[in-house]
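Got your viewer open? Load the model, pick a plain cartoon view, and keep the selection box handy.

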Amino acid sequence: MRAFHPDLASRARFLPRGVARWWTLHWLQRVASPFMALAGSRATRVDLDGCGVFVDRTAAGTAPGPALLWIHGGGLMFGHPHQDGPFLARLADRLGIVVAAAQYRFAPAHPFPTPLDDCEQAWRWLVSQPDVDPTRVIIGGASAGGHLAAALCQRLRDSRSSGGTPAPMPAFQLLVYPMLDDRSARGTGPDDRQLRIWDRTSNALGWDGYLRGHNRDAPPPCSVPGRTEDLAGLPPAWIGVGTLDLFHDEDVAYARRLEEAGVDVALEIVEGAYHGFDAADERAPVSRRFREAQIAALERHLAR
């Protein structure tokens with residue numbers, strides 16, 4: 001068995017292997033998700049059709065400039081944009097950009113494609129804003145939010161050749177331990193005894209709800225980013241994940257396949273880190289370094 005990172009070991013002992021179970025789902029959606037909103041945000045909500053977006057323009061200029069669309073995690077079944085509020089405020093202040101956090105509808109009540117449709121609607125709204133340069137808009141997300149960010153990049157790329165209404169492509173994708181491949185729910189990887197926050201049972205529940213009503217052997221395009229064969233033409237990416245994260249193998253595989261398709265990729269692997277470690281133990285030095293690596297990746301891209 002691999003050891004937890006020394007900065008994370010003490011807290012990891014008390015964390016659950018997985019938070020999502022069929023008997024906890026109601027609580028996660030009706031209690032935990034609203035509770036996450038208490039993390040607070042200075043962003044202003046804008047209502048869209050069936051969904052919404054929280055926008056922070058505090059540090060942005062008046063001329064059209066760069067922006068970030070952020071998509072929160074929660075296994076595609078729960079969560080709230082405010083759960084990342086302090087981190088997003090830090091991004092806005094440090095980078096001087098517009099930051100918008102999408103609020104999308106959840107599975108299983110709203111399976112694919114509704115959550116992805118909601119995120120696309122938020123994207124199209126953001127790139128159309130007069131204070132946003134549509135050629136300098138980044139997309140990012142953590143966990144299930146990383147899934148939706150990667151899937152939206154694929155959908156926007158495909159729409160350019162399918163006769164749909166094209167929208168500007170993201171200039172960069174920031175994928176934080178993204179949930180990319182439904183097959184990890186029944187595959188191998190890190191020892192189950194060392195998984196924290198999100199295990200195979202939680203993962204199966206999320207994917208089952210999201211792909212409800214669809215063929216699991218041949219899922220629809222853009223529903224499972226890790227199964228998409230053609231990754232050419234996607235935006236450059238930063239992908240970060242821990243070695244004790246259930247998503248480690250699928251994230252590394254996705255990064256390698258992006259590289260093989262000619263996409264510029266930076267892969268950040270944190271030894272001994274579990275899923276969501278930077279949120280569960282945000283004061284740990286390794287968590288701070290991981291967050292700093294994300295900000296640095298955005299800074300490098302925006303400086304180009």
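What follows is a walk through this predicted model, from the whole chain down to single residues.

**Whole chain**

Start with everything in cartoon, coloured by secondary structure: you should find nine helices and eight strands. The radius of gyration is 18 Å, close to the 19 Å that the globule rule gives for 304 residues, so the chain is as compact as a globular protein of that length. Spin the C-alpha trace around and you'll see it span about 50 × 40 × 40 Å along its principal axes. Of the 304 residues, 58% count as buried. Look at the contacts with a separation of 6 or more, too: 79% of them link residues 24 or more positions apart. Now switch on the surface, which has an accessible area of about 12500 Å², with 53% of that belonging to carbon and sulfur atoms.

**The largest pocket**

Next, select Met-36, Gln-83, Asp-84, Ala-279 and Ala-280, and centre on them. You're now at the largest pocket, with a volume of about 1100 Å³; those five are the closest to its centre among the 36 residues that line it. Colour helix 2 (25–36), helix 3 (85–95), helix 8 (277–280) and helix 9 (285–302), the elements that each give two or more residues to this lining. Which helix gives the most? It's helix 2, with six residues. Colouring the lining by class brings up 20 nonpolar, nine polar and seven charged residues.

**Helix 3**

Stay with helix 3 and show its side chains. Its buried residues are Gly-85, Phe-87, Leu-88, Ala-89, Leu-91, Ala-92 and Leu-95. To see what covers them, add strand 2 (52–56), strand 3 (65–71), strand 4 (98–103) and helix 9, which are included in that cover. Then step off the end of the helix: Gly-96 follows, with a positive phi near 65°.

**Two cis prolines**

Move on to the loop between strand 4 and helix 4, and pick out Pro-108 and Pro-113. Zoom in on the backbone before each one. The peptide bond from Ala-107 to Pro-108 is cis, with omega near 0°. Another cis bond joins Phe-112 and Pro-113, where omega is about 15°.

**Pro-115 and the second largest pocket**

Now select Pro-115, in helix 4 (residues 114–127). Is this proline buried or exposed? Buried, with a relative accessible area of 0%. Leaving out residues up to four places away in sequence, Pro-115 touches Tyr-104, Arg-105, His-110, Leu-148 and Tyr-210. Draw a distance from Pro-115 to Tyr-210: they sit 95 residues apart along the chain, yet their C-alpha atoms are separated by 8.7 Å.

Keep Tyr-104, Arg-105 and His-110 selected, and add Gln-103 and Phe-106. These five lie nearest the centre of the second largest pocket, which is lined by 13 residues. Its volume is about 190 Å³, and its lining divides into five nonpolar, seven polar and one charged.

**Two positive phi values to finish**

Jump to Ser-143, in the loop between strand 5 (132–142) and helix 5 (144–159). This non-glycine residue has a positive phi, near 60°, and it's buried, with a relative accessible area of 8%.

For the last stop, select Ile-197, in the loop between strand 6 (172–176) and helix 6 (200–210). Ile-197 isn't a glycine either, but its phi is positive, about 70°.

Key: Residues are numbered from 1 along each chain as its sequence is written. This is a predicted model: local features need pLDDT of at least 70, side-chain atom pairs count only at pLDDT 80 or more; totals for chains, interfaces and linings use all residues. Side-chain values use heavy atoms; hydrogens and water are left out. On a 1 Å grid over the protein atoms alone, a cavity is a set of points where a 1.4 Å probe fits but cannot get out, and a pocket is an open set with protein on both sides within 12 Å along at least five of seven lines; lining residues have an atom within 4 Å of a point. Grid points are joined across faces, edges and corners, and a volume is the space filled by probe spheres set on the points. Helices (H or I, at least four residues) and strands (E, at least two) are DSSP runs, numbered from the N terminus. Ala, Val, Leu, Ile, Met, Phe, Trp, Tyr, Cys and Pro count as nonpolar, Asp, Glu, Lys and Arg as charged, and the others, Gly among them, as polar. The radius of gyration is taken over C-alpha atoms; the globule rule is 2.2 Å times the number of residues to the power 0.38. Buried means under 20% relative accessible area, exposed over 50%, partly exposed in between (1.4 Å probe, protein chains only). Contact means heavy atoms within 4.5 Å. Accessible areas come from the Shrake-Rupley method with a 1.4 Å probe; for residues, only the protein chains shown count as cover.
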